Amino acid sequence: MGVRSPGVLRLGRRRFEPWQLLVMAVAPGPAAEGGQASMEWVHSAVAEGADIVELPPVAPFVATVRDAYPELVIGVRTGRGEVAREACAAGADLLAGGLLLDVAAEFGVGVVGSLTGAAQAVEAGVAAERVIVEGSRQAPDLVASGWPVLVSLSDTDLAGDLARAAVFGWLGAQVFRVQRVRETRRALSMVSAIRGDIPPAYAVRGLA
């Protein structure tokens, strides 16, 4: 079960094809307690093109975001089972940060883990189409496994992060965990257009 045939990725109510490049926006530290500032960040992330938002595992805040955006994929990062259970009950679609496979299977949500963890997730009852493998440095090798691959960008060097996003997107990574949503979305859209997966934002005709 370490290798699978590339297929769709299902998270929450969304279905993503293997060629779709997804931006996961990571909430900044001040969002941890929820509240107006946190919702402003969510609104901004969605407007800038985030497909997934990764929130602090605070159940009331997760519920607020779920009410505001029924179709948005919501992820949380925690290693505590009870916290993960409360977040999933509030509307979280994706668990990262620990192998909480029993919780993921119970709620039918997705998980992010290592390649070994992917096989364990399926054995624990998590649907294979809801499993993502993570490994930024090993991304090209992980792509060959057939699982959707998540790459975390450092947010320390914009040019370097965008270059890595473009290269790893071209090589087949699918999910990009970032804080700079707008810039990453533009870079990934260019990759998709160059590959022919989506139409270009605009076309320029050559001179006859």
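Start with the whole chain and colour it by burial: of its 208 residues, 47% are buried. Keep in mind as you click around that this is a predicted model.

Switch to a surface view next. The chain exposes about 10,000 Å², and 54% of that comes from carbon and sulfur atoms.

Now go to cartoon. You should be able to pick out eight helices and 10 strands. If you draw contacts between residues with a separation of 6 or more, 48% of them join residues 24 or more positions apart.

Select residues 115–123, which form helix 5. Which of its residues are buried? They are Gly-117, Ala-118, Ala-119 and Ala-121. To see what covers these buried residues, add helix 4 (101–107), strand 7 (110–113) and strand 8 (131–134), which are among the covering elements. Then step just past the end of helix 5 to Gly-125, where phi is positive, at about 110 degrees.

Last stop: the second largest pocket, with about 160 Å³ of space in it. What lines this pocket? Select these residues to bring up the lining:

- Arg-4, Pro-6, Gly-7 and Pro-18
- Val-143, Gly-146, Trp-147, Pro-148 and Val-149
- Gly-172 and Gln-174

Colour the lining by residue type and you get six nonpolar residues, four polar and one charged. Arg-4 is the charged one. Val-143, Trp-147 and Val-149 are among the nonpolar residues of the lining, while Gln-174 is one of the polar ones.

Key
Residues numbered from 1 in each chain as written. Predicted model: local features only at pLDDT ≥ 70, side-chain atom pairs only at ≥ 80, totals over all residues. Heavy atoms only, no water. Helix = DSSP H or I, 4+ residues; strand = E, 2+ residues; numbered from the N terminus. Buried < 20%, exposed > 50% of the residue type's maximum accessible area, 1.4 Å probe, protein only. Contact = heavy atoms within 4.5 Å. Areas by Shrake-Rupley, 256 points an atom, 1.4 Å probe, with all protein chains shown as cover. 1 Å grid on protein atoms, 1.4 Å probe; cavity = no way out; pocket = protein on both sides within 12 Å on 5 of 7 lines; lining within 4 Å. Points joined across faces, edges and corners; volume = space filled by probe spheres on them.
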